[in-house]
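Student: Please take me on a close tour of this model, with particular attention to its enclosed space. I would also like to see what surrounds that space.

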Amino acid sequence: MSDVLRFDAVTYVYPEGARPAIEDVDLAIAEGSFALAVGPTGSGKSTLLRASNGLVPQFTGGTFTGRVSVDGRDTLAHAPRRLADVVAFVPQDPGASFVLDRVEDELAYGMENLGVDPVHMRRRVEETLDLLDLPGLRDRSVRTLSGGERQRVAIAAALAAGPRILVLDEPTSQLDPQGAEDVMAALQRLVHDHGMTVLLAEHRLERVAGWVDVAIGFDHGRVRSGTPADVIGHLGSGPPVTRLGQMLGWDPLPLTVRAARAAAAGGPRPALPPRDPARNGHRHGVVAEVRGLRASYAETTVLRGLDLDVHEGEVLAVMGRNGAGKSTLLRVLAGIHEPSAGQVQILGAKPRPGVDVGLCPQEADELLFSDSVEHEVRATLVARGEAGGAGPWLAALGIAGLAARHPRDLSAGQRLLVATAAVAATDAPLLALDEPTRGLDPASKERLIGFVRAHALGGRAAVVATHDVELAAAVATRVVILAGGEVIADGDPGAVLGDSRVFAPQMTRVFGPGWLTPDQVVEALT
Amino acid sequence: MGDDVSTVATTVLRRPVAAAFAVLAALMPVTWPAVTEASPACAAESGPHAALVIDTGAGVRSFCVALDATTVSGIHLIELAGAQGHLSYGFGSGGQAVCRLAGVGPQGDDCFADYPQYWGYWHGDGHGGWTWSSSGAASARVGDGALDGWVWGSGDSGASHPKPPPTAIDDVCVPEATPATSPSPSRATHAAAVPSAGARSSASKASSSPSDPGTNRSAKPSNDGIGRTSALAGTPTAGALAAAPGPPPASAGPGPGLLVALALGAALAGGGWLRIRTSRRRRSIG
Amino acid sequence: MDRRPVHPMAWIVWATSAGFVAFVTTDPVYLLLLWAVSWFVYAGHRVDAEHARSFRLFLTGAMVAVALRTALVFFGTVSAANTTFSFLEGLRLGTILVIFGTFNAVTDPFGLVRMAPRHFHEPALAAALALSIAPRTVAGVGRVRDAQRMRGIRIHGARALPALAVPVLERGMEEAHTLAESMDARGHGAGRRSRYRPQPWTGAAILIAVPAIAAAATFLAASVGGWAVLHPQTSPIVWPEADPLLLAGIGLLAVPGVVGRPER
């Protein structure tokens, strides 16, 4: 089998970059591989992905040495548009790359550019629709699709052009667990049944580790490729089952729930899950009270008659499928969004945004406008008349080292942390975070978890809307699941997550309900 | 495609707004006469009048214009002719120069956009002769009995630019013999090419002298005073086509056309609002 | 009702005709009716909240244009006539903006790009990106304002402008950049293009384009033939006229409001 994608001694420095984004990269991806690029945020994954179709350096400038060839073609000698027949790139936010309005037209767009004849095009469009389970959506406007549907359409559009290699940047970041699984299954079908080569970058390893057969580990711009177990095992921050395996000394390290169950079968079973007193915070005073909440968004009714309480010391995880109303709930709590009926009270009064509730939106970039990280946090402090410095807030999120950097120069995950710090600086009694782990590598995620826990301990509360199951398992003291605009589950994380097929964390899947994190299991076993 | 058109047509007809259109369309034959009905005449009244002759090169139109002051500027004379006789005009250079008359001439602010052709400005001497104007239309003064002429052509001075056809003031503004004997409003008299008996006095008056207070002038009653249609259907007289005597509609108030426009605007605004409400409702159900 | 979207050229014809009508007259009756017509057509084809907001933006912009142009009279001698004249000029400008707002709200700019001949692909793409920026920017402003409120920064007054402008512009540019990048990476402008589906002239498209042409022709005839007053006089000020034939022409421009709406 030939190599579809080759990197030969590639080094690239962004214009105005201090050091190389990728350095001395030698890589060969064989045809039919299912490859995963993994590593901390800012370590060069996105850069490498964009170098595979020539966007780096042709669209980004900078200094490029070495050679990248796709299907034998040098990316420096061919414009990206001339590589469109061999490599297709699906960016992180598929909505941003949709050109046309109807799904069917979007699928055909790539082929139109390549001059494929109409008969052939029609056939390919049909096949691709079937492959990704999209035939019912062919007439729909892409604007009306859910996040998961959009992702599948973006993949279908990339596929329909008939490339040899499909490159995807964090394809499950916007998806709920079910949607993520659908996408991964579709990709695997493509690899196994149709000989497609797939290269994807992903942080949420619990969603992908088990599907891929080659892993490329990134560390400060340098890469090391090998088997998934090898690379991920060396990272020190793989999916929960891998971390558990590392802590318990399992060999080979499990990457999937199945492998973990097999490994655990041979050893002692942990005792009944302990009730962690620190986690199940005492139900003290009520910080937020919601009664009979009805709310709409973009002319559709999203929340129908919601009742909810948030107590002091609580970290409440709000979960649900894409479009279940999590964001809308947070916006209503923050006082940004007017409910159509019902009552919301923070500490007994109507919520004042930025004062009673600090909300960090999904798109962190919407907050950032200063020229340094420190100024960004100070902007919040100044707005509330606080004389102090930004230092403590930066330290709490572990980004003190970035204080002098310009936010736009940072990676997506780092920017998210900056935005979180800026919102945390409101020091509001209720901290609300909307999908705070999107694009965050495991190390940053740990810092965030620590921060949220500390915040809640101070007599305040936090609400986190997320579909990152492992985050909920690690940080929540209470979990609420929304569906159809209503609360369908509310309670102790072990119970709620343990009861759900879709939102069950890996530990639950291995050891049963009530088991949430590897640390918990290890503690119980020792 | 024929199917598409017929399905669309039937769905269109079923819509209430389309029904409104149909109603409006049906109303038009009713409103047309109202709109085009002759406005009350003013020509029989006394007062200063001046004549305006427009030679587009393709034809000549003349207007007897009732002045609203003892003297007016050449620009204002044209505006009055527009109001009274439905002359269409366009000014440039901030309203100081004449660009367009009776549909001829450049649009916009530059009156010399079609150079070498432009509107040449002449003053009549009352007997058929013309003098090239030494001042612009904005500063020229026109009084009772004056004759202003405009010719579309090329030529940078009176020596080279074409003149209007020889015209006397009385060719355009027919003086009444006495106020008592012929007070006829122009609407009633439809004496075609024949001037009313006794109305024409000999054209011996100097054009620029103030009129004899005893003599009124009226516009030549050569057509029946119905608005714009008659402007095109003028009857030829000696040396000039007479336009409709056109009473000034300035004081006539909003016409029926405005009411129709108002109704149309309301229908559109209401229809649009309704559409948005129904589409919003449809969406929230889904 | 035909489910296929309307041929984009129909809208171009409509917008050009309506724009032409606005261009040849300063009669406020016709111009204000054109505002109502644009509103009506937009209401009939309004797609989603994003486009609604961009239309409102154009509407506001048009009113601002009218106000500004009217205020320009203060640079010269102020009189009722001059003010009216300034107002009418401003109204004409505003009308063109409103028509463009409707056009922007009912068309898919990228559908238009595909129709451009090959060598015009780059500028057509730039134009499409520019056109799509309006609804995106408007949506962006709302979101950024909310985001800043959420951390306690209220946007009012000029001092808060960076907090609003920077994220909005950055995001707008970034989105446009991402889109342009992705179009290029998918082969835009690489070679001969083929067409997936021919875009026939449906009955709806004809009903949009043909009446518009008729309306423009009517006004052209009036302008050339001079049988109707297209520029009401301002000194002295008179009631503007409304010729029934021209009113009918304006009515024809409203036809798209009741036809050709793609069902979603």
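Tutor: Let's start from the outside: chain A has an accessible surface of about 19400 Å², and carbon and sulfur atoms account for 49% of it (areas come from the Shrake-Rupley method with a 1.4 Å probe, and for residues only the protein chains shown count as cover). This is a predicted model, in which local features need pLDDT of at least 70 and side-chain atom pairs count only at pLDDT 80 or more, while totals for chains, interfaces and linings use all residues. Residues are numbered from 1 along each chain as its sequence is written, chains are lettered from A and ligands numbered from 1 in the order in which they are written, and side-chain values use heavy atoms, leaving out hydrogens and water.

Chain A contains 19 helices and 19 strands (DSSP runs numbered from the N terminus, with helices being H or I of at least four residues and strands E of at least two). Of its 526 residues, 57% are buried; buried means under 20% relative accessible area, exposed means over 50%, and partly exposed lies in between, using a 1.4 Å probe and protein chains only. Among the contacts in chain A between residues at least 6 apart in sequence, 67% join residues at least 24 apart, where a contact means heavy atoms within 4.5 Å.

Now for the enclosed space. There are eight cavities of 30 Å³ or more. On a 1 Å grid over the protein atoms alone, a cavity is a set of points where a 1.4 Å probe fits but cannot get out, and lining residues have an atom within 4 Å of a point. Grid points are joined across faces, edges and corners, and a volume is the space filled by probe spheres set on the points.

The largest cavity holds about 170 Å³ of space. Its lining has 17 residues, and those closest to its centre are A:Phe89, A:Ala154, A:Ala157, A:Ala158 and C:Arg186. Two or more lining residues come from each of strand S6 (87-90), helix H3 (103-113) and helix H5 (147-160) of chain A, together with helix H7 (161-185) of chain C. S6(A) is the element that gives the most, with four residues. Sorted by class, the lining has twelve nonpolar, three polar and two charged residues; here Ala, Val, Leu, Ile, Met, Phe, Trp, Tyr, Cys and Pro count as nonpolar, Asp, Glu, Lys and Arg as charged, and the others, Gly among them, as polar.

From the cavity, we can move on to the charged pairs. Over all chains there are 34 salt bridges, each a side-chain nitrogen of Lys or Arg within 4 Å of a carboxyl oxygen of Asp or Glu. One of them joins A:Arg164 to A:Glu31, with the closest N and O atoms 2.9 Å apart. This pair links distant parts of the chain, 133 residues apart: A:Arg164 is in the loop between H5 and strand S7 (165-169), and A:Glu31 is in the loop between strand S2 (22-30) and strand S3 (34-38), in chain A. A:Arg164 is partly exposed, at 25% relative accessible area, and A:Glu31 is partly exposed at 28%.

Another salt bridge pairs A:Arg478 with A:Asp490, at 2.8 Å between the closest N and O atoms. A:Arg478 lies in strand S18 (residues 478-483) and A:Asp490 in strand S19 (residues 486-491) of chain A, twelve residues apart. A:Arg478 counts as buried because its relative accessibility is 3%, whereas A:Asp490, at 40%, counts as partly exposed.

In chain C, the side chains of C:Arg92 and C:Glu89 form a salt bridge with an N to O distance of 2.9 Å. Both residues sit in helix H4 (residues 80-106) of chain C, three residues apart, or about one turn of the helix. C:Arg92 is buried, with 14% relative accessible area. Back in chain A, a network of salt bridges links A:Arg102, A:Glu104, A:Arg122, A:Glu126, A:Arg138 and A:Asp139.

To finish, here is one buried spot to find on your screen. A:Ala334 belongs to helix H11 (residues 326-334) of chain A, and this residue counts as buried because its relative accessibility is 0%. Setting aside neighbours within four places in sequence, A:Ala334 contacts A:Pro351, A:Arg352, A:Pro353, A:Val357 and A:Leu359.

Note on methods
1 Å grid on protein atoms, 1.4 Å probe; cavity = no way out; pocket = protein on both sides within 12 Å on 5 of 7 lines; lining within 4 Å.
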